[in-house]
Each structure stands twice: as structure tokens, then as C-alpha cells.
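Reader: Got a minute to walk me through this one? I'd like the folding pattern, the aromatics and a few threonines.
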Amino acid sequence: MSSKLGVENIAHTNGTNAMTISSGGVTAFTTDPFTSVIELTTNATANKNGGMTESTGTWTFPSTGVWSTMMSFVFYDSQASNSTGLLVAYSSDSGSNFTSVHGGYQAPKAVNAHGFITIPYIFNITNVSTERIRYMVSSGAGVYVRGGSGWNTLKVQFIKLCPSV
């Protein structure tokens, strides 16, 4: 026997929303799920072209140029959700509006399953004052992004390839 729970918001008992669910079934976090970004400096990790800054999930580039970007993460699905996705979005107006430019989804369709998604994209950044990117997770209920101390399973990589074209 299956049951269906219909909700528009998932909230704390104090009324603070954690996520919303659209009529199309798309889940959106009301807070940034990618907090506590730490630059990895262990295990011979190369840190060149530094200077990327992150604020409330929005990334700013330190210089103009062609930038290769990549995010990968491991997730855990406790409820056999239909799909979990990762999107990268671009803004040319200092983060007021974002347009999704690339994404990928995975649907484990099994209870207590793990998944892995990697999204690469190359941006031609010509104005560091106004151009930004943001990564967004789209998922059903019961999906958790893995990470935290000791996990190192959520990674964001930025490599400047050449001057702007």
C-alpha cells in the first residue's frame, strides 16, 4: 500500500522554510545547502588560480578569462526519489537573475542508495564585476548531499584556461 503526502513547503516547527516544492515537483532549498566552503590543501592538492570567492552559494571570478568549472557531489537517497540533479547557472547582472546553462540528473530508484553527479562547464568571463555562477541541487524528499569533516565528497574546481576570447 502506498501513500501520498502533498506539501508545498517543508519547514521547521518555528515556521522557517527549509525547502519548497513546485507544482511540477521541483524542489528548491530556501537556504544554501553548500555552506562552509573550505579550500582543500591536503593530499598534494594543487591550488593555483586562487581567488574565487563564494557568498550565499554565488561564486565570483577573480579575473577575466576562459574558466573551466566543475562540481561533483555524492548524495544519499533514503526514499527512492525519482531523480536528483545538479545544475550550474550563470548571471551577467551581479546575481540578480540566473539562467541554467548545464545540468545532470541521476535516478537511483532504490531506498538507501548513493549516487554521484559531476557537472563540468567552461565559461568565458569578460566582466568580473557582473558575471557570477551558482550551483543548485534539485531533488525529491529524503535526499542528502554528503560532505562535512572527513568526507571530502563535495568538490568544486575552477581552472583558468586562457584569456577571454
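Author: Sure, and one definition to start: helices (H or I, at least four residues) and strands (E, at least two) are DSSP runs, numbered from the N terminus. By that count, Thr-69 is found in strand β6, residues 65-77. Bear in mind that this is a predicted model, where local features need pLDDT of at least 70, side-chain atom pairs count only at pLDDT 80 or more, and totals for chains, interfaces and linings use all residues. Residues are numbered from 1 along each chain as its sequence is written, and side-chain values use heavy atoms, with hydrogens and water left out.

Reader: OK, how many helices and strands does the chain have?
Author: Zero helices and twelve strands. From the N terminus on, the elements read β-β-β-β-β-β-β-β-β-β-β-β.

Reader: And which strands have the lowest and the highest mean pLDDT?
Author: pLDDT is the predictor's confidence in each residue, from 0 to 100. Strand β3 (residues 27-29) has the lowest mean among the elements, 50, and β5 the highest, 93. Over residues 29-36 the pLDDT is below 50, and that stretch has 17 contacts in the model beyond near neighbours in sequence. A contact here means heavy atoms within 4.5 Å. The chain as a whole averages 76, with 65% of the residues scoring at least 70.

Reader: Back to Thr-69, is it buried or exposed?
Author: Buried, because its relative accessibility is 0%. The cut-offs are under 20% relative accessible area for buried, over 50% for exposed and in between for partly exposed, with a 1.4 Å probe and protein chains only. Across the 165 residues of the chain, 28% count as buried.

Reader: What does the Thr-69 side chain make a polar contact with?
Author: The side chain of Tyr-135, at 3.4 Å. A polar contact is a pair of N or O atoms within 3.5 Å; within protein, one must be able to donate a hydrogen and the other to accept it, and residues adjacent in sequence count only if both atoms are side-chain atoms. Leaving out residues up to four places away in sequence, Thr-69 also touches several aromatics, including Phe-61, Tyr-121, Phe-123 and Phe-158.

Reader: Nice lead-in to the rings. How many aromatic pairs are there?
Author: Six. In one of them, the ring centres of Phe-61 and Trp-67 are 5.5 Å apart and the planes sit at 55 degrees, so the pair is tilted. Rings of Phe, Tyr and Trp (its six-membered ring) pair if their centres lie within 6.5 Å; planes under 30 degrees apart count as stacked, over 60 as edge-to-face and the rest as tilted. Phe-61 is buried at 3% relative accessibility, and Trp-67 is buried at 1%.

Reader: What about Tyr-121 and Phe-123, what sort of pair do they form?
Author: A tilted one, with 4.7 Å from centre to centre and 55 degrees between the planes. Tyr-121 is partly exposed at 28%, whereas Phe-123 is buried at 4%.

Reader: Which residues form the aromatic cluster?
Author: Trp-59, Phe-61, Trp-67, Tyr-90, Tyr-121, Phe-123 and Phe-158 form one cluster.

Reader: Switching topic: where does Thr-60 lie?
Author: In strand β5, residues 58-60. The Thr-60 side chain makes a polar contact with the side chain of Arg-132 at 3.4 Å.

Reader: Last one, where is Thr-126?
Author: In the loop between β9 (113-125) and β10 (132-139). The C-alpha atoms of Thr-126 and Thr-64 are separated by 5.0 Å, though the two are 62 residues apart along the chain.
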